[in-house]
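Here is a short exchange between a student and a tutor, meant for a reader who is meeting this structure for the first time.

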Amino acid sequence: MALAAAILVTGCTVGPDYRGAPEVATDALRAGATYAHAGDGIAAHTPGVARWWTTLGDAQLTALIDEAIAHSPDIRAAQAKVRQSRASLRNHQADLLPKAGVDLATLRTRSPDLSLLGGDGSSSGGGRGPLDLYVAGFDASWEIDLFGGTRRAVEAASADADAASEDLADAHVQLAADVAQAYVALRDQQARLSLVRDSARLEGEMLALTRQRRAGGVASELDVERLVTQVEQTQSHVLPLEADVIESLDQLALLTGRAPGTLDTELKAPKALPSVPKTVAVGDPSALLQARPDIRAAERRLASQNAQIGVQTANWFPKLSIMGELGYSALDPGHLVRKDNFSWMTMPRLQWNALDFGRVQAGVDGAKAGRDQAQAKYESAVLTALRDADVALARYGHQRENVYLLRSVEASAARAAALTRQRYRAGTASTLDWLDAERTRFSAEQDRVAGDAQLLKTFVTLQKALGLGWQVDTTTG
């Protein structure tokens with residue numbers, strides 16, 4: 001007991017102490033380093049971690065993301081995992097403390113009367129009557145953590161609980177990005193559907209005018225057939241786009257924890273695409289280590305696996321446990337608590353698996369391999385995050401420049417189509433000239449809408465790559 005007390009005071013804990021995550025990509029993550037492909041409109045100051053979508057200025061998008069975070073089954077599953085891991089941590093912490101319990105029991109038995117047994121072992125009479133025994137007691141046990149195996153288990157469970165919390169934050173990041181991407185896709189499809197319908201309506205008017213001119217002898221049957229073909233080609237784009245709109249509506253319903261079709265009324269009216277902010281805060285590469293929940297989760301799992309080495313190493317050493325019991329027993333329940341019926345017992349117990357044929361060593365080797373695997377996954381998470389951020393920045397910068405060009409092309413095509421339409425109505429331009437101008441205008445408008453949508457999607461991808469979109473949740477404990 002004195003030896004156990006001395007060991008407890010000195011705090012002996014076997015296994016390697018956790019020294020933190022290893023350094024990865026030191027040049028890219030050094031102080032003052034910047035992203036290789038950060039272009040114009042990129043601010044160096046560190047961004048916030050939550051509610052980046054509010055910078056888009058779309059109240060409907062904000063409401064959808066808030067609803068998704070509140071009702072998504074994926075978020076609830078991640079929250080349940082946090083509660084489960086914290087319960088496991090409390091269970092391991094309780095292993096450091098004694099266990100105690102109360103026993104109440106009654107025993108009823110009947111034994112043979114040995115005095116009536118014959119010489120040949122056969123019974124020559126009846127047995128004794130039933131015997132009642134009443135027992136009440138208090139027992140306690142305590143396995144003393146001599147070499148820190150239980151403390152290492154608590155350390156591992158604590159790191160696992162932290163990792164589960166980071167997984168919850170990562171689920172927020174993924175969900176916010178998924179909702180934003182689906183919302184942008186919906187508004188993109190609705191905008192292009194409106195363009196197709198407007199173009200089909202205009203072409204229908206021109207077809208009616210051309211038929212009038214054909215009746216007057218100033219247009220040919222070929223001109224009419226060309227316009228009929230153009231109208232039908234334009235209308236052929238309507239049904240696929242309508243199907244895409246339905247798919248996006250159902251995807252948003254799923255992400256917000258609703259049944260398919262429940263958002264149709266709320267979101268069916270077309271609405272302009274949100275506008276990206278003029279500047280985007282991305283910070284520096286080293287900020288990723290703190291901003292991205294998946295990196296922090298990988299680091300916490302590395303800490304957990306490191307502690308598991310100590311858990312397995314502790315099996316090399318003796319285990320000391322102390323058990324004790326206080327109680328009363330009597331044949332009559334009315335005499336149960338008499339002094340003469342009191343009993344007690346203590347039993348210190350020392351266990352040591354001196355011969356295990358390599359089982360403990362196998363456990364230690366397995367734990368070390370698990371630590372090495374977790375370290376490799378951490379390094380991969382850091383490198384992947386750096387790659388994601390750099391690629392997202394490059395795509396975002398290039399898409400911004402592309403959108404400027406697309407808007408210029410659209411404006412030029414719209415002016416050319418208007419002039420050609422005027423000339424066609426005046427009879428100074430052919431049907432073919434008008435069709436070419438309209439195709440160019442329609443294509444330019446479609447490209448511009450698609451470009452705006454792609455810019456928004458690259459903006460969302462950038463926020464996701466930076467690990468933004470999570471916030472501290474105090475309701476998961």
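The questions below turn to the nonpolar core and then to the salt bridges.

Student: How should the model and its numbering be read?
Tutor: This is a predicted model, in which local features need pLDDT of at least 70 and side-chain atom pairs count only at pLDDT 80 or more, while totals for chains, interfaces and linings use all residues. Side-chain values use heavy atoms, with hydrogens and water left out, and residues are numbered from 1 along each chain as its sequence is written.

Student: Which element gives the largest share of the largest nonpolar core?
Tutor: A nonpolar core is a set of buried (under 20% relative accessible area, 1.4 Å probe, protein chains only) Ala, Val, Leu, Ile, Met, Phe, Trp, Tyr and Cys residues joined through side-chain atoms within 4.5 Å. The largest one has 58 residues, and W52, V179, L252 and L462 have the most contacts inside it. Helices are DSSP runs of H or I with at least four residues, numbered from the N terminus. The largest share, twelve residues, comes from α4.

Student: Is E445, which forms a salt bridge with R441, buried or exposed?
Tutor: A salt bridge places a side-chain nitrogen of Lys or Arg within 4 Å of a carboxyl oxygen of Asp or Glu, and the closest N and O atoms of E445 and R441 are 2.4 Å apart. Both residues lie in helix α11, four residues apart, or about one helical turn. R441 counts as buried at 11% relative accessibility, and E445, with a relative accessible area of 17%, is likewise buried.

Notes:
Buried < 20%, exposed > 50% of the residue type's maximum accessible area, 1.4 Å probe, protein only. Helix = DSSP H or I, 4+ residues; strand = E, 2+ residues; numbered from the N terminus.
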